[in-house]
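User: I'd like a close look at a single helix of this protein, please. Walk me through how it is placed, what surrounds it, and how the rest of the chain fits around that picture.

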Amino acid sequence: MTNRILPFITLVFLSTLFSIVIGDDGVAISEQYPLVVSTWPFKEAVRAAWRAVDGNHSAVDAVVEGCSACEELRCDGTVGPGGSPDENGETTIDALIMNGVTMEVGAVAAMRFVKDGIRAAKLVMQHTKHTLLVGEKASAFAIAMGLPGPDNLSSADSIRKWSTWKENHCQPNFRKDVVPSDSCGPYHAKARIDVKEGGCSTRYLMGVAEPRSSLVGPHNHDTISMAVIDKRGHVAVGTSTNGATYKIPGRVGDGPIAGSSAYAVTDSGACVATGDGDIMMRFLPCYQVVESMRLGMEPRLAAKDAISRIARKFPDFLGAVVAVNKNGVHAGACHGWTFEYSVRSPVTDDVEVFTVLP
């Protein structure tokens with residue numbers, strides 16, 4: 001494993017000297033591929049995806065294998081079951097998969113009782129005409145389609161973490177402008193004191209964004225977001241997360257939102273993202289990245305541009321994106337934290353981890 005560090009943006013050009021071979025089905029296969037890219041140093045997940053795609057499985061199937069491995073390993077405690085309890089101490093799952101050839105998307109959000117988020121998302125894509133299913137109905141669908149459940153997604157660690165938070169009067173939390181502000185509720189809306197007579201909040205009139213909660217950080221807000229280019233040059237992306245720790249029950253972040261946490265168009269490339277999903281989903285950074293590459297922008301600039309758009313409005317936000325163009329060139333950009341992402345390609349013997357500085 002090689003660790004490379006570059007300031008703010010990292011850019012890697014894969015070999016431009018590649019050959020074309022013809023597969024058993026007569027389809028041209030580029031030896032420039034396959035390629036697996038994932039947020040964070042989730043090396044075992046990348047290896048699982050690589051084994052699948054290097055074994056001639058599709059990009060979609062490789063994404064499922066990679067994200068599923070991370071769910072089983074409970075990567076950083078923020079993927080799969082057993083982590084990130086909400087205000088009620090419950091763990092729920094968000095996941096997404098997108099086929100960059102057909103533009104099909106399947107996603108689940110706030111899914112209870114089923115641990116296999118990415119496989120549930122794939123079932124939504126394969127067996128419904130919908131894009132996103134949520135809550136207990138998503139769970140019921142997944143179980144009816146053959147996934148294990150219902151299961152308790154909490155763990156001893158998540159319950160311990162939640163109990164400690166409760167003992168600390170439920171601080172910090174994601175609520176604002178409520179009373180009580182320093183205990184566990186029940187909560188009620190607080191009378192606004194910053195509203196001019198007959199007008200809007202002075203905060204909104206000034207265009208100032210509120211500071212974000214200290215709950216958002218690299219070890220309680222991670223998402224695995226993965227992009228795969230298979231041997232035929234087809235692109236797919238997928239995500240899985242158990243969301244923000246101590247979130248308000250029912251909260252859905254950017255993980256299952258196409259264009260925010262991930263996006264893929266085979267003719268242009270792919271993007272994967274992680275960070276403060278409540279902020280990032282307002283900007284659809286991965287759609288922006290892929291669209292910028294479609295218009296000719298190189299991955300390094302596309303990644304930087306998408307992050308800069310968010311930072312201008314929310315200078316305290318934490319987030320990162322990785323851009324991958326259709327030729328396998330990849331670059332990362334971040335804001336507010338040091339970010340790492342993982343890559344496996346034909347020119348490496350194992351997973352490489354790249355560090356991006358803010």
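Analyst: Happy to. A residue is called buried here when its relative accessible area is under 20%, exposed when it is over 50%, and partly exposed in between (1.4 Å probe, protein chains only). This is a predicted model, where local features need pLDDT of at least 70 and side-chain atom pairs need 80 or more, while totals for chains, interfaces and linings use all residues. Numbering starts from 1 along each chain as its sequence is written, and side-chain values use heavy atoms, leaving out hydrogens and water.

Let's settle on α2, the helix of residues 59–73. Helices (DSSP H or I, at least four residues) and strands (E, at least two) are numbered from the N terminus. α2 is mostly covered, with 11 of its 15 residues buried. In its first part, these include Ala59, Val60, Ala62, Val63 and Val64. Further along, Gly66, Cys67, Ser68, Ala69, Cys70 and Glu71 are buried too, so you will find a glutamate among the covered residues as well as alanines, valines and cysteines.

The length of α2 fits a regular helix. The expected span is 1.5 Å times one less than the number of residues. For the 15 residues of α2 that gives 21 Å, and because its end C-alpha atoms are 21 Å apart, the two agree. Just after α2, Arg74 takes a positive phi of about 55 degrees.

What covers α2? Contact means heavy atoms within 4.5 Å. The cover over the buried residues includes two helices, α1 (43–54) and α3 (117–127). It also includes strands β6 (93–99), β11 (224–229) and β12 (235–241).

α1 deserves a look of its own. Its 12 residues should span 16 Å at 1.5 Å a residue, and the end C-alpha atoms are 16 Å apart, which agrees. Ala45, Val46, Ala48, Ala49, Trp50, Ala52 and Val53 are its buried residues. They pack against α2, and also against β5 (35–39), β11 and β17 (339–344). β11 therefore turns up in the cover of both helices. Like α2, α1 is followed by a residue with positive phi: Asn56, just after α1, has a value of about 75 degrees.

One residue of α1 ties the two helices together nicely. Glu44 is found in α1, and it counts as partly exposed, at 41% relative accessibility. Leaving aside residues up to four places away in sequence, Glu44 touches Ala69 and Leu73. The C-alpha atoms of Glu44 and Leu73 are 8.6 Å apart, although 29 residues separate the two in sequence. Ala69 is one of the buried residues of α2.

Now widen the view to the nonpolar core, a set of buried Ala, Val, Leu, Ile, Met, Phe, Trp, Tyr and Cys residues joined through side-chain atoms within 4.5 Å. The largest such core has 88 residues, and Met226, Val228 and Phe339 have the most contacts inside it. α2 gives the most to this core, with seven residues. In soluble globular proteins, nonpolar side chains tend to be buried together.

Apart from that core lies another one, of five residues, among them Trp165, Cys170, Val178 and Tyr246. Tyr246 sits in the loop between β12 and β13 (262–265). Tyr246 is buried, with a relative accessible area of 11%, and its phi is near 65 degrees, a positive value in a residue other than glycine. His169, in the loop between α5 and β9, also has a positive phi without being a glycine, of about 60 degrees.

Two loops hold cis peptide bonds. The bond from Gly149 to Pro150 is cis, with omega near 0 degrees, and Pro150 is in the loop between α4 (135–144) and α5 (156–167). The bond from Gly185 to Pro186 is cis as well, with omega near 10 degrees, and Pro186 lies in the loop between β9 (178–179) and β10 (188–189).

To place α2 in the whole: the protein has nine helices and 18 strands, and 54% of its 358 residues are buried. Of the contacts with a separation of 6 or more, 64% join residues 24 or more positions apart. A pair well separated in sequence is Val353, in strand β18 (352–357), and Ser38: their C-alpha atoms are separated by 9.5 Å, with their positions 315 residues apart along the chain. Val353 is buried, at a relative accessible area of 2%.
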